[in-house]
Amino acid sequence: MDAVRARAEVRFACDEETLRQTLPGTDVMMVTDFRTEAFEAAWPAADRLQWIHATSAGVDALMFPALIDSDVVVTNARGIFDRTIAEYVLCTILMFAKDFPNSVRLQERHEWKHRDTERAEGKQVLVVGAGSIGRQIARLTSAIGLHPHGIARTPRHDDPDFVAVHGNDQLFQQLEHFDYVVIAAPLTPQTEGLFDQRAFKAMRTSARLINIGRGPIVKTDDLIAALDAKEIAGAALDVFEEEPLPEDHPLWDRDNVIMTAHMAGDFIGWKRALTDQFLENFDLWHSGRDLFNLVNKKLGYAGS
């Protein structure tokens, strides 16, 4: 943060107590803990705050009523993790198609077992959340011959990356048509618990769910019930309702579930990339120009 220190006083806070001490007189706040509840608790101490930058794509932890109703501007890290998250999604699709989880298990047992596997080409992909991350997912999946559709607030049928983008109100009608359903939506009051028993019953029994959005968008108990009932064929999960996932959680031992520890977007060098992005916006703010990656606080995410 040396580039900032040359033009401003830099303060650090790590919990509610230190936030209450450092917020008075602070103009700009950079949030690196996207799960924190300390900021809402310390909010009354923010007497001069003008701008908050979240070093994450999701800003749900910041969307409490007092901040939403304030004049404080919020920006996020839109764009930093888009490509690597899309690579993760493509990887999981190919892992399912080529039965790689079982290949790894067979290798660990030193067991030679020939199988036929699926083709990925021609499969239908529904990306729930057709923002910047969703767009990268569409580009990578279409590059290998899959057919990506999107779900977004505004439908559009002339999108350069999606076959079509359907409105949010069409989600349950669309689910039955897709082989892979990818959650790339932000966590908002509208998306929390969106994938529940009803959603899983609407999906194909051969479909796989991939969640790289936010854990609470999926009701875990309903997902487990759907897997048990063979209402869907599998799931790849990078985010969970409860993180870290307890070591005795029933999801761990399922052969048709791929899990990672909230790391789909993290790449070697991501911290530097986040810092550089903040510094670019800080230069704009310091010179009185418009910031980029502005979050619509009423919607809870950054627009195009």
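Visitor: In which loop is Asp27 found?
Guide: In this predicted model, one can place Asp27 by naming the elements on either side of it. Helix H2 covers residues 16-22 and strand E1 covers residues 28-31, and Asp27 is found in the loop between H2 and E1.

Visitor: What separates the C-alpha atoms of Asp27 and Asp47, and which residues does Asp27 touch?
Guide: Leaving aside residues up to four places away in sequence, Asp27 touches Arg48, Leu49, Gln50, Trp51 and Trp285. Asp27 and Asp47 are 20 residues apart along the chain, and their C-alpha atoms are separated by 8.7 Å.

Visitor: At what angle do the axes of helix H5 and helix H7 cross, and is H5 parallel or oblique to H7?
Guide: Two packed helices are described by the angle between their axes and by the distance between those axes. Helix H5 holds residues 82-97 and helix H7 holds residues 132-143, and their axes come within 8 Å and cross at roughly 45°. Because of that angle, H5 is oblique to H7.

Visitor: Is the crossing of H5 and H7 left-handed or right-handed, and how do the residues of their contact divide?
Guide: H5 passes H7 in a right-handed crossing. On the side of H5 the meeting residues are Asp82, Arg83, Ile85, Ala86, Glu87, Val89, Leu90 and Ile93, while H7 brings Ser132, Ile133, Gln136, Ile137, Leu140 and Thr141. Sorted by character, the residues of the contact of H5 with H7 are eight nonpolar, three polar and three charged.

Visitor: How many residues has the largest nonpolar core, and which element gives the largest share of it?
Guide: The largest nonpolar core has 32 residues, and those with the most contacts inside it are Ile137, Tyr180, Ile210 and Ile212. Two or more residues of this core come from each of H5, strand E4 (124-128), H7 and strand E7 (180-183). The largest share, eight residues, comes from H5.

Visitor: Which residues does Ile137 touch, and how many residues are in another core that lies apart?
Guide: Not counting residues up to four places away in sequence, Ile137 touches Ala86, Val89, Val127, Val182, Ala184 and Ile212. Apart from the core just described lies another one, with Leu171, Ile217, Val218 and Phe240 among its residues, and the number of residues in this other core is 31.

Visitor: Is Val128 buried or exposed?
Guide: The place of Val128 is in strand E4. Not counting residues up to four places away in sequence, Val128 touches Ile151, Leu171, Val181, Val182, Ile183, Ala184, Ala185 and Phe195. Its C-alpha atom and that of His149, 21 residues apart along the chain, are separated by 8.6 Å. The relative accessible area of Val128 is 4%, and therefore Val128 is buried.

Visitor: What is omega for the peptide bond that joins Glu243 and Pro244?
Guide: Most peptide bonds are trans. Pro244 is found in the loop between strand E9 (234-237) and strand E10 (257-259). The bond that joins Glu243 and Pro244 is cis, and its omega is about -5°.

Visitor: Is Asp99 buried or partly exposed, and what is its phi?
Guide: The place of Asp99 is in the loop between H5 and helix H6 (100-108). With a relative accessible area of 22%, Asp99 is partly exposed. Its phi is positive although the residue is not glycine, with a value near 55°.

Visitor: What is phi of Asn293, and does Asn293 count as buried or exposed?
Guide: Asn293 is found in the loop between helix H11 (270-286) and strand E11 (295-296). Phi of Asn293 is near 60°, a positive value in a residue other than glycine. Since its relative accessibility is 15%, Asn293 counts as buried.

How values were computed:
Residues numbered from 1 in each chain as written. Predicted model: local features only at pLDDT ≥ 70, side-chain atom pairs only at ≥ 80, totals over all residues. Heavy atoms only, no water. Axes fitted to C-alpha atoms, helices over the stretch in contact; angles between N-to-C directions. Helix = DSSP H or I, 4+ residues; strand = E, 2+ residues; numbered from the N terminus. Parallel < 35°, antiparallel > 145°, perpendicular 65-115°, else oblique. Left-handed = near helix turned anticlockwise from the far one by under 90°. Contact = heavy atoms within 4.5 Å. Nonpolar A, V, L, I, M, F, W, Y, C, P; charged D, E, K, R; others polar. Core = buried A, V, L, I, M, F, W, Y, C linked by side-chain atoms within 4.5 Å. Buried < 20%, exposed > 50% of the residue type's maximum accessible area, 1.4 Å probe, protein only.
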